[in-house]
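Colleague: I'm new to this one, so could you walk me slowly through a single part of it? I'd like a close look at the sheet, and then how the rest sits around it.

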Amino acid sequence: MSAIDALPPLREVIAAHGLSARKSLGQNFLLDLNLTAKIARQAGDLSGCDVLEIGPGPGGLTRGLLAEGARHVLAVEKDARCLPALHQIAAAYPGRLTILEGDALAIDPLAHLTPPVRVAANLPYNIGTELLVRWLTPPDWPPFWQSLTLMFQREVADRIVAQPGGKAYGRLAVLAQWRCEARIVMSLPPEAFTPPPKVSSAVVHLTALPAPRFPADPGTLSRVVAAAFNQRRKMLRAALKGLAPDIEERLTTAGLDPTDRAEQVSIEGFCALARALAR
Ligand code: SAM
């Protein structure tokens, strides 16, 4: 573990501030600063960007982001025990780190961010999917962020990048890939974390496309996709019958086979159906 800055190693920081990991806060810390710097590099060129980080904890990834040249980092942390360690980092990088104490689901970070913005985080597993869905469904597109570089449990990462035809393909894949380029850029074993979680993890990098890949009303698309995958084993004509009395006709208009199941439908197909339903 070589030094990326003049601050103490993370094990010392954790001991000095009594930061025993709490399961209820999804605390699995990354203590290898080379690894956190590597994750920060996956977020792209940070030098001209503000970076929003959710859940900095003792600050391993925060230090990676700053050492990799982020113009400014806004770190939102719920656990007040972590704040002294984070203030120490802020002092080592004057004017480049702002710390907000609070719940990332309740705080609106936008007032504290100047574009261009990238998001990078080792997310608490219990709110990771909810935050991702919020970032993927803003009122307007393009969103406030250019890219999201996020650590998830491997199974969630697989669902984000999944292609049609498999079990992992569902609402998350359609939401993510309709308006983003999404790929898994790193895989991490449980031992990379302290304490190690039960499952492997992966870093997903999502880049916002300037416009959706296929036209569709976001609300209609979201309803269609939710209904289709809520009953993913049923044929489309049965799973979607609540959406329109003439659903078979609309499916055919969209170029879909009413006897297909949701996991066989491409993003283009769902968008065509959303358009056929909006007509
Ligand atoms: N970034 C650190 C690292 O990589 O070592 C910690 C990652 S740990 C998986 C998740 C962090 O999110 C913890 O520090 C936890 O306290 C924080 N957290 C949990 N729930 C949160 C919430 N609702 N809002 C903000 N932070 C939260």
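**A walk along the sheet**

Modeller: Let's start with one pair of strands: β7 and β9 (residues 201-208) run antiparallel and are joined by eight bridges. To find the pairing by eye, go to Leu188, which stands opposite Ser201 in β9. Keep in mind that what you're looking at is a predicted model.

Now zoom out from that pair. Seven strands make up an open sheet, and if you read across it the order is β4-β3-β2-β5-β6-β9-β7, with mixed pairing. At the two edges you'll find β4 (97-101) and β7 (180-188); each has a single partner strand, so one side of each is left without a neighbour in the sheet. As you step across, the twist averages 20 degrees from one strand to the next.

Next, the helices that lie across these strands. Helix α4 (residues 83-92) lies across β3 and β4, and its direction makes an angle of about 165 degrees with β4. Helix α5 (residues 125-136) lies across β2 (50-54), β5 (117-122), β6 (147-153), β7 and β9. Against β6, α5 runs at about 150 degrees.

Two loops that lead into strands of the sheet are worth a stop, as each has a cis peptide bond. Between α5 and β6 there's a loop that holds Pro142, and the bond joining Trp141 to Pro142 is cis, with omega about 0 degrees. Pro195 sits in the loop between β8 (193-194) and β9; here the peptide bond from Thr194 to Pro195 is cis, and omega is near -10 degrees.

Finally, the ligand. It's surrounded by 21 residues, and the closest are Leu30, Gly55, Glu77, Asp103 and Asn122. One sheet strand, β3 (72-77), supplies at least two residues of that shell, and so does β1 (29-30). By type, the shell splits into nine nonpolar residues, seven polar and five charged.

The backbone has a part here too. A nitrogen atom of the ligand lies 2.9 Å from a polar backbone atom of Ala104. A ligand nitrogen atom is also 3.4 Å from a backbone N or O atom of Pro56, while Gly57 has a polar backbone atom 3.3 Å from an oxygen atom of the ligand. As for cover, the ligand on its own has 600 Å² of accessible area, and the protein covers 98% of it.

Note on methods:
Residues numbered from 1 in each chain as written. Predicted model: local features only at pLDDT ≥ 70, side-chain atom pairs only at ≥ 80, totals over all residues. Heavy atoms only, no water. Near = heavy atom within 4 Å. Polar contact = N/O pair within 3.5 Å; in protein donor to acceptor, adjacent residues only side chain to side chain. Areas by Shrake-Rupley, 256 points an atom, 1.4 Å probe, with all protein chains shown as cover. Helix = DSSP H or I, 4+ residues; strand = E, 2+ residues; numbered from the N terminus. Nonpolar A, V, L, I, M, F, W, Y, C, P; charged D, E, K, R; others polar. Pairing = 2+ DSSP bridges. Axes fitted to C-alpha atoms, helices over the stretch in contact; angles between N-to-C directions. Contact = heavy atoms within 4.5 Å.
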